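Open the model in your viewer and keep the selection panel at hand. The stops below are given in the order in which to select them.

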Amino acid sequence: MPGTARVPRVLSIAGSDPSGGAGIQADLKSIAAMGGYGMCAITALTAQNTRGVTAVHTPPPEFLAAQLEAVGSDIAVDAVKIGMLADAEVIRTVAAWLDATRPDVVVLDPVMVATSGDRLLAPDAEEALRGLLTRAHLITPNLPELAALLGEPTASTWAVALDQGTRLSERTGATVLVKGGHLAGSSCPDALVDANHPEGPLIAEFGGERIDTPNTHGTGCSLSSALATVQARTGDWQRSLAVAKAWLRGALEASGELEVGHGHGPVHHFHHAQASVPLAEGEFTDSLWEDTAKVRAEIDALPFIAELDGGTLPEAHFAYYLTQDALYLNGYSRVLARASALAPSEEEQAFWAEGARVCLAVEAELHRTWLSRHPVQAHDAAGQRLPDVSPSGASRGGAPRSGADGAGRPGPVTKAYVDHLLAASASGSYAVLAAAALPCYWIYAEVGSALHARHAGRPESGKHPYAEWIGTYADEAFAASTRRAIAYTDAAGRRASAPEREAMREAFMASSVYEREFFDAPRRYA
Ligand SMILES: Nc1ncnc2c1ncn2[C@@H]1O[C@H](COP(=O)(O)OP(=O)(O)OP(=O)(O)O)[C@@H](O)[C@H]1O
Ligand SMILES: Cc1ncc(COP(=O)(O)O)c(N)n1
């Protein structure tokens, strides 16, 4: 019975296209894309590419019969898709096999002429092809093929096409998929026509806008084999077409990403699965890092970095930076504690918990040392120059802190950054939270080690007002933690679903932008 196979075993009986866009190559990709197990019996070999067909070789029909026998004698076939048949002998071979096996789902794409205009069926084989139509459950001709099968001129309007489809359905007893791909104009409708429906003739139309792309090589092959596969799962042509058509639309839209050939290129059969392609270790976080190249270049070019490096950073800016850093660390500590709570392994749980503890220790140390030497000015830069952005002047940690105690108030960047991290915590996704938390490790470590390396190479470094601070950037323990944070985020990314990976990408980018803003905040708000 059709409509029961979880992984439908689908046999394509069709020609080979070595350029991979049409024929059995397109069929196998489409069947796999729809969750089926693809098989193929090759009717003919073509030499073709996206520009056209240069040669066709049709092996002896006995060899096709041997392929069909080999598959059919061993494997249950849930659905069959038939494509290029080359000549009348091949058609007779396929007809005999269908009569002997009577598959539950037979989709016949009556391939006659390629998109390029090259013939794929001998002219004298058209009559034999008409004879095969009655053995199909669904026939999927394009408009010129529909007309040729009826011996009529090609329809130039959708109404005439539907009328022709109805008559072909009447004559063959099959359902006909009338395809609007060859119509002129901006719409590209399809319709399932069943003239023999027990409750009267049925025409189910599926509208669609034409996608502006030259990459239409193999659309008919792909749609028919996708339909055969989904039909084996659902047993319902309308539901199957809705799925296959939406998928094909995405494949046409994403076709430009493939950059295959110079003529009519193929569609992107696995566009929907691109984001869940298995990744090698480090590949995901490398791509996150690559995404933020521009933001990181902007950080390197900030006056704050050059002034810190050159020792010319105004002390008020440095004090503002330290104050905000302490406030940030308090919020960040809570975020890391949440990462610990969500972590999938004890090793990761302990890592983030230790990170949370270290943040509080560093915050306390900042107050004890640097902030006592570089106090925030009495007017509290963040609180005075800007409206207080935190309700009740509370720090991210929730403990009320006024400017008067010297701890300062979170500036707009600190607040926005920590709020973004807290939102990632609230998402409930460990992967998204790890991606949001990572730039604070990774970008800080990179900026710090570059600054430290530049500074250490200079002889006058001893007289530098920020030399001691820059010295803290050479912390090997922090570099090691950064490597572990990268590895855990990478592993989470490799496990993540496609939408979760996308959310990770967005979270990492947003945090990287906040890193840039954080370094620039003293100039703007101190
Ligand atoms: N530019 C396009 N935009 C949107 N849908 C399209 C476009 N071109 C073709 N299609 C869709 O692709 C499917 C195949 O249609 P088409 O009429 O091109 O068949 P075909 O000529 O048999 O295909 P092939 O190019 O493989 O020979 C149909 O569902 C059609 O609506
Ligand atoms: C082997 C083979 N089968 C079918 C087609 C039709 O596809 P299109 O019309 O998109 O060229 C083809 N070109 N090659």
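Start with helix 5, residues 143-150. Its buried residues pack against three elements: helix 4 (126-133), helix 6 (158-172) and strand 7. Bear in mind throughout that this is a predicted model. To see which side chains are involved, show L143, E145, L146, A148 and L149, the buried residues of helix 5. An α-helix has 3.6 residues a turn, so residues three or four places apart point the same way. Now step past the end of the helix to G151, which follows helix 5 and has a positive phi, near 70°.

Next, select strand 7, residues 175-179. Strand 7 runs antiparallel to strand 8, and the two pair over four bridges. Pick K179 and look across to strand 8, where D190 is its bridge partner.

Stay on strand 8, residues 190-194. How many of its five residues are buried? Five of the five are, so strand 8 is largely enclosed by the rest of the structure. Turn the strand to view its two sides: D190, L192 and D194 point one way, while A191 and V193 point the other way. In a regular strand the side chains alternate between the two faces of the sheet.

Then add strand 9, residues 202-206, which pairs with strand 8 in the antiparallel sense over five bridges. Here D190 stands opposite F206. D190 is thus a useful residue to keep labelled: K179 is its bridge partner, and F206 in strand 9 stands opposite it.

Now select ligand 1 and the 22 residues around it. Which of these come nearest? They are N142, K179, G181, I211 and G220. K179 has already appeared on this tour, as the bridge partner of D190. By class, the shell holds seven nonpolar, 11 polar and four charged residues. Colour helix 7 (219-234) and helix 8 (237-253), each of which supplies at least two shell residues. Helix 7 gives the largest share, four residues.

Finally, zoom out to the whole protein chain. Colour domain 1 as 9-273 and domain 2 as 283-525. The C-alpha centres of the two domains lie 57 Å apart. Within the chain, select residues 17-268, where an unreviewed UniProt entry places the feature "domain: Pyridoxamine kinase/Phosphomethylpyrimidine kinase". This span is 40% helix and 16% strand, and its end C-alpha atoms lie 16 Å apart.

Terms used: Residues are numbered from 1 along each chain as its sequence is written. Chains are lettered from A and ligands numbered from 1 in the order in which they are written. This is a predicted model: local features need pLDDT of at least 70, side-chain atom pairs count only at pLDDT 80 or more; totals for chains, interfaces and linings use all residues. A residue is near a molecule or strand if its C-beta atom, placed from the backbone, lies within 6 Å of it. Ala, Val, Leu, Ile, Met, Phe, Trp, Tyr, Cys and Pro count as nonpolar, Asp, Glu, Lys and Arg as charged, and the others, Gly among them, as polar. Domain bounds come from an automatic or database domain assignment. UniProt positions are given in the numbering used here, feature names are shortened, and annotations may be inferred rather than shown by experiment. A residue is buried if 20 or more other C-beta atoms lie within 10 Å of its own, exposed if 12 or fewer, and partly exposed in between; C-beta atoms are placed from the backbone. Two strands pair if DSSP finds at least two bridges between them. Two residues are in contact if their C-beta atoms, placed from the backbone, lie within 7 Å.
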